[in-house]
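Colleague: Hi! Could you walk me through this one?
Modeller: Happy to. Let's look at it together.

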Amino acid sequence: MALTVAFIGTGRKREKGSLIGYAMAYTHAQAFSALDEVELVAACDVIEENVQAFAHEWEIDETFDDYSEMLAEVQPEAVSICTWPHLHERMVIDCARAGVKLIYCEKPMADTIGGARRMVAVCDEQGAALNFNHQRRYGRPFQLAKEMLDDGEIGDLVRIEWGGANIYDYGSHNFDMAQFFNDETPPEWVIAQIDYHTESFWFGAHNENDCLALIGYENAVFGLVATGGVEAAVGCHNKLVGTEGVIEIGSREEGAPVLRYRTYGAGDWQPVDTAGEGLHAQVYINRAVEDAVESYRAGERAMMDAHNAIHATEAIFACWESSRTRAHVEIPMEAEDNPLEAMIEAGELRPEPAEEEA
Ligand SMILES: NC(=O)c1ccc[n+]([C@@H]2O[C@H](COP(=O)([O-])OP(=O)(O)OC[C@H]3O[C@@H](n4cnc5c(N)ncnc54)[C@H](O)[C@@H]3O)[C@@H](O)[C@H]2O)c1
């Protein structure tokens, strides 16, 4: 029997995505529709014109403006969720409780650490496979870097560094890649500081302007994170520092290849051929969704399973918690909230509105 898939949050397809809308549902639909024995059966969006355009593009018969109604009437086996992060917890939990068995949700997991933990717990209780779209795990530069690491090209892993815009929206991918490179080893503690002086909303959520963080993983590997204004300190998207060399993905250096490495004492960087694959591609989502579906059919967990994603999410919120408490934070941290939002509500952080772009 075909796997029936329904969509929550279709978005509106634009020429170019922005922080208020990428319509990620289209990328999920493309990935699901490329698979055998999969049927796109229903779609839901609170904006009628969005859901109609989506249903037209993917030849979906049933449309809804209320996802609870859709779940009750259609009873899909799988659901893709592409709404903004503050809605993920409620929607994932409602899907699992309505009997959905495969959930493919956009990252970041949730807007609080408690919410992320609850999503995992409820899906486990209900026997639902929960996946998050951390698709970079399926990109050639990342997979080749992991193979080189496993083959001992840079000796033993000492430190995983990454730079990016922020630790939450963008950092969800990078912390997740740290899990991938570090054989899914959980983070144990964090010491971090952030600066938040100008409002920075990504998909409706506050994100810090700058963060500098050190993370200790259970296997004694360190994580070093620099975001926003201090991102250049790392100088690339992902850096793997080993006892005998360094691998870099997405260097900021002009003209640098997507993937390169060098061993200590051996001089220049060596480029690694990624067969044209860069940091982002639709094909990564295709592979990720295929893995989610195949793993679900085999009764196994896919690479983007929530049990892997939760470790990255614990690290994110622990960074903000370290800034709030001005202390070293053990993971899992006690607080269940969103420390960045709590600091804003308490008036401890007072970000000014960002200037309108001309
Ligand atoms: N994996 C990636 O590389 C990547 C890239 C961009 C965005 N994202 C993530 O994808 C998620 C969605 O972002 P987007 O840009 O696709 O959003 P979007 O704004 O394009 O689409 C969201 C849709 O959800 C709908 N919606 C809101 N409330 C709803 C409800 N109660 N029921 C049904 N529909 C509802 C909105 O009307 C909108 O059409 C975010 O979490 C974002 O961080 C991931």
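Modeller: Keep in mind that this is a predicted model. Let's start with a hairpin, which β15 and β16 form with six residues between them.

Colleague: Which residue in the turn has a positive phi?
Modeller: That's G265, with a phi of about 85°.

Colleague: And how many bridges pair β15 with β16?
Modeller: Two, in the antiparallel sense. In one of these pairings, Y261 has Q270 in β16 as its bridge partner. β15 (residues 259-263) also pairs with β14 (residues 245-251), again antiparallel, over five bridges. There, I249 stands opposite L259.

Colleague: Cool. New topic: in what order do the six strands of the open sheet come?
Modeller: The order is β3-β2-β1-β4-β5-β6, with parallel pairing.

Colleague: Which strands stand at the edges?
Modeller: β3 (62-64) and β6 (129-132) do. Each has a single partner strand, so one side of each is left without a neighbour in the sheet. From one strand to the next, the twist averages 20°.

Colleague: What joins β2 to β3?
Modeller: Three bridges, and the two strands run parallel. For example, C44 has F64 in β3 as its bridge partner.

Colleague: Which strands does helix α1 touch?
Modeller: Helix α1 (residues 24-33) packs on the sheet and touches β1, β2, β4 and β5. Its direction makes about 160° with that of β2. Helix α2 (residues 48-57) packs on the sheet too, touching β1, β2 and β3, at about 165° to the direction of β2.

Colleague: Last one: which residues come nearest to the ligand?
Modeller: Of the 26 around the ligand, those are G9, G11, G21, Y22 and E106. The shell divides into 13 nonpolar, eight polar and five charged residues.

Note on methods. Residues numbered from 1 in each chain as written. Predicted model: local features only at pLDDT ≥ 70, side-chain atom pairs only at ≥ 80, totals over all residues. Near = placed C-beta within 6 Å. Nonpolar A, V, L, I, M, F, W, Y, C, P; charged D, E, K, R; others polar. Pairing = 2+ DSSP bridges. Helix = DSSP H or I, 4+ residues; strand = E, 2+ residues; numbered from the N terminus. Axes fitted to C-alpha atoms, helices over the stretch in contact; angles between N-to-C directions. Contact = placed C-beta atoms within 7 Å.
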